[in-house]
Amino acid sequence: ITLLLLISSPTMSEQAEGSRGGLFGTGGRFSGQVDPIMEKFNESINFDKRMWSQDLRGSIAYAKATQKVGILTEEERDTIVAGLEKVMEEWAAGTFELKAGDEDIHTANERRLTEIIGPLGGKLHTGRSRNDQVATDTRLWIVEAERDILKDIATLLGASAEFAREHIDVLMAGYTHLQPAQPIRFAHWLMSHMAAIQRDAQRLTELIPRANQCPLGSGALAGNAFGVDREFLAKELGFEGVTSNSLDSVCDRDFVAEFLMWHSLFLVHLSQMAEDLIINNMLKCVDMADAYATGSSLMPQKKNPDALELLRGKAGVAIGRSVGLMATLKGLPRAYNKDLQEDKVPLFDAVDTVKDCLAIATGVIVTMKPNPKMLLKALCPEMLATDLADYLVRKGVPFRETHHISGACVRLAEEKEISIDTLTLQQLQEIDSRFEEDVLKVWNYEESVERKSSIGGTSKARVLEQIDQCVAFAQKLNDA
C-alpha cells in the first residue's frame with residue numbers, strides 16, 4: 001500500500017522533467033509532464049526520421065488538398081508549401097536540427113514549419129491524424145525502396161549471367177543429398193540460383209501495387225471530416241489508387257509484413273548460393289577474391305569466406321524479423337495501436353540488409369575464380385551411371401530394367417574396387433548381353449551434359465538460352 005501511494009503521489013509526478021513538446025504540451029488534455037523514461041520509450045524520431053522526404057511530400061499534397069476544400073486560402077497554401085520546401089532543404093543539406101519534444105518525424109517537421117511561418121503552420125494538420133500520416137509515409141518509403149531493390153537485383157542478374165557466359169565450357173559435379181549425382185556446367189549451376197532470384201524479383205514486383213495505395217485522408221480512423229479529395233492526394237503523391245476503408249487504412253501493415261516475408265525468402269535463396277560456394281571454396285573448386293575474404297587472428301594460412309558466411313547468416317535474422325512482426329500484428333484490435341510503431345525498425349533493417357547483401361553477392365560473383373581443373377577433378381565416372389542406363393533405353397530396354405542393370409554395374413565396380421568406367425565390355429556383357437562395343441562412349445562428361453538438351457537442361461545451347469533470358473529479364477527490370 002505504501003509503495004502504491006508513493007508511485008501515485010503528486011510529489012513524484014512533479015519530479016518528472018520530461019517535455020511533451022510544443023504540439024502536445026500541457027494545457028490541453030494533459031496537466032502534467034511526461035516521465036522522461038516514457039518520453040524516450042515513446043519516441044520514434046531516431047529511426048523514422050528516414051522518412052523525412054515522404055512526410056514532407058505528403059504534407060505538401062495535403063496542404064493543396066485542404067485549399068481545394070476551403071480550409072486554406074491560396075495564399076495560406078502557398079505559404080505553407082514554401083515553408084515545407086524550406087524544411088525539405090534543411091533535411092537535404094543536413095542542417096535540420098532536432099529538438100526536445102520531436103517525438104517523431106511528423107511532429108518534428110510540423111514544429112519546424114511553425115517556427116518558419118508562424119501559427120499558420122497549425123492549420124496544416126486540420127482533419128489529418130498521425131495515423132493516416134505515418135501509413136502514407138511508410139507506403140511511400142517502401143515503394144521507393146522496393147523499386148530501388150529491383151534495380152539492384154537487375155544488376156546481380158545481369159552480372160551473373162555474363163559471368164556464366166564467360167565460363168560456359170567449364171564442367172562441374174552436380175549433387176543431390178550432397179552425394180555425386182550427374183555432371184553439369186558451372187554456368188548451369190550459377191543460372192539455377194539466378195532462376196530463384198528472378199522469381200524473387202517477380203514476387204517483389206507484385207507487392208508494389210498493393211503497397212502503392214494512398215491512405216491519406218483517412219484521419220485517425222473514421223475518415224476526413226472536411227471532404228478532402230483522396231484521389232487528388234493519390235495522384236499528387238504518385239499512388240496507383242486509394243485505400244478503400246479508413247479504419248483499415250490506418251492499421252493495415254500487410255505491405256510491411258509482405259515485404260518482410262519476401263526478404264526472408266530472398267535471403268534464403270542467397271544463403272543457399274552462399275552455402276554452395278562455401279563448399280566449393282573448401283574443395284578449391286572456386287577461389288574467393290581477397291576483397292570478400294578475411295584472415296585469422298592466429299592462423300596465418302587462413303583465408304575465410306566471411307562474405308559468404310555472413311550472407312548465409314543474414315537469412316536467419318531475416319526470418320526472425322518476419323515472424324516478429326507477425327506476432328506483433330496477430331493480437332491487435334482495430335484500428336491504430338502504438339504497437340504498429342514497431343514495424344519501422346525491422347522494415348528499415350530489412351531494406352538495408354537486402355541492399356547490402358545484393359551488393360556483396362554481386363561483388364563475390366564477378367570477382368570469384370572457378371578452377372576448371374579442380375572442378376573436373378570432382379567429377380567421377382559413377383556420375384555417368386544414369387547415362388549407362390540411358391544407353392540401354394535407347395536400345396529399347398525399359399528404364400526400370402536398365403536402372404537395375406546399371407546399378408549392378410556400379411556394384412561390380414565397387415566389389416572389384418575399380419572405377420566403373422574401367423569395366424571391360426566382357427564384364428558389362430556378363431551383366432547384360434545387350435551392351436555393345438559403343439557403350440564405352442558413355443564415359444564422356446562433355447557428351448553427358450550435351451545430351452541434356454531439353455529446355456532448362458545443361459547442354460551448352462540450353463544454358464546459353466537461360467543466360468540470354470536472364471539478361472533480358474534484368475534489362476526489363478532496369479527499364480521498368
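## A cis bond between two helices

Let us begin in a loop: Ala-335 sits in the stretch that links helix H13 (306–329) to helix H14 (344–367). This is a predicted model, and in it the peptide bond running from Arg-334 to Ala-335 is cis, with omega near 5°. As background, most peptide bonds are trans, and most residues other than glycine have a negative phi. The cis bond is therefore a good place to look when you check the backbone of this loop, since most peptide bonds are trans.

## Two residues with positive phi

Two further loop residues deserve a look for their backbone angles. Lys-284 has phi near 65°, a positive value in a residue that is not glycine. Lys-284 belongs to the loop between helix H12 (254–282) and strand S5 (286–287). With a relative accessibility of 57%, Lys-284 counts as exposed, because exposed means over 50%.

Glu-417 is the second case, with phi near 55°, again positive in a residue other than glycine. Its loop lies between helix H17 (399–416) and helix H18 (425–431). At 73% relative accessibility, Glu-417 counts as exposed.

## The chain as a whole

Stepping back, the protein chain holds 20 helices and six strands. Along the principal axes, its C-alpha atoms fill a box of roughly 100 × 55 × 40 Å. The radius of gyration is 31 Å, whereas a compact globule of 480 residues would have one near 23 Å. Among contacts between residues at least 6 apart in sequence, 74% join residues at least 24 apart.

Burial and surface can be put side by side here. Of the 480 residues, 47% count as buried. The accessible surface of the chain comes to about 23900 Å², and carbon and sulfur atoms account for 54% of that surface. As for charge, the chain carries 53 positive and 70 negative charges, and the mean positions of the two sets are 1 Å apart.

## Leu-190 in helix H9

Now to some single residues, starting with a leucine. Leu-190 is placed in helix H9, which covers residues 186–211. Its relative accessibility is 0%, so Leu-190 counts as buried.

Which residues does Leu-190 contact, once neighbours within four places in sequence are left aside? They are Ser-160, Phe-163, Ala-164 and Ile-365. For a sense of distance across the model, take Ala-61: Leu-190 and Ala-61 are 129 residues apart along the chain, and their C-alpha atoms are separated by 47 Å.

## Leu-477 in helix H20

A second leucine, Leu-477, lies in helix H20 (residues 460–479). Leu-477 has a relative accessible area of 10% and is buried, because a residue counts as buried when that value is under 20%.

Its contacts are worth listing in full. Not counting residues up to four places away in sequence, Leu-477 touches Leu-150, Lys-151, Ile-153, Ala-154, Leu-157, Ala-201 and Thr-205. Measuring from C-alpha to C-alpha, Leu-477 and Leu-310 are 27 Å apart in space, with their positions 167 residues apart in sequence.

## Gly-122, in a loop

Where does Gly-122 lie? This glycine is in the loop between helix H7 (105–117) and helix H8 (130–166). At 47% relative accessibility, Gly-122 counts as partly exposed, because that class lies between the limits of 20% and 50%.

Leaving aside neighbours within four places in sequence, Gly-122 is in contact with Glu-110 and Thr-114. Gly-122 and Ala-480 are 358 residues apart along the chain, and 40 Å separates their C-alpha atoms.

## Cysteines without partners

How many disulfides does a search of the whole structure find? The search finds zero. Cys-251 is in no disulfide, and the nearest cysteine sulfur, that of Cys-214, is 16 Å away. The cut-off for a disulfide is 2.5 Å between the sulfur atoms, so a pair 16 Å apart does not qualify. Cys-251 counts as buried, at 9% relative accessibility.

Cys-409 can be read in a similar way. Cys-409 is in no disulfide, and the nearest cysteine sulfur belongs to Cys-380, 15 Å away. With a relative accessible area of 0%, Cys-409 is buried.

Notes:
Residues are numbered from 1 along each chain as its sequence is written. This is a predicted model: local features need pLDDT of at least 70, side-chain atom pairs count only at pLDDT 80 or more; totals for chains, interfaces and linings use all residues. Side-chain values use heavy atoms; hydrogens and water are left out. Helices (H or I, at least four residues) and strands (E, at least two) are DSSP runs, numbered from the N terminus. The radius of gyration is taken over C-alpha atoms; the globule rule is 2.2 Å times the number of residues to the power 0.38. Buried means under 20% relative accessible area, exposed over 50%, partly exposed in between (1.4 Å probe, protein chains only). Contact means heavy atoms within 4.5 Å. Accessible areas come from the Shrake-Rupley method with a 1.4 Å probe; for residues, only the protein chains shown count as cover. Lys and Arg count as positive and Asp and Glu as negative; His and the chain ends are not counted. The place of a charge is taken as NZ of Lys, CZ of Arg, CG of Asp or CD of Glu.
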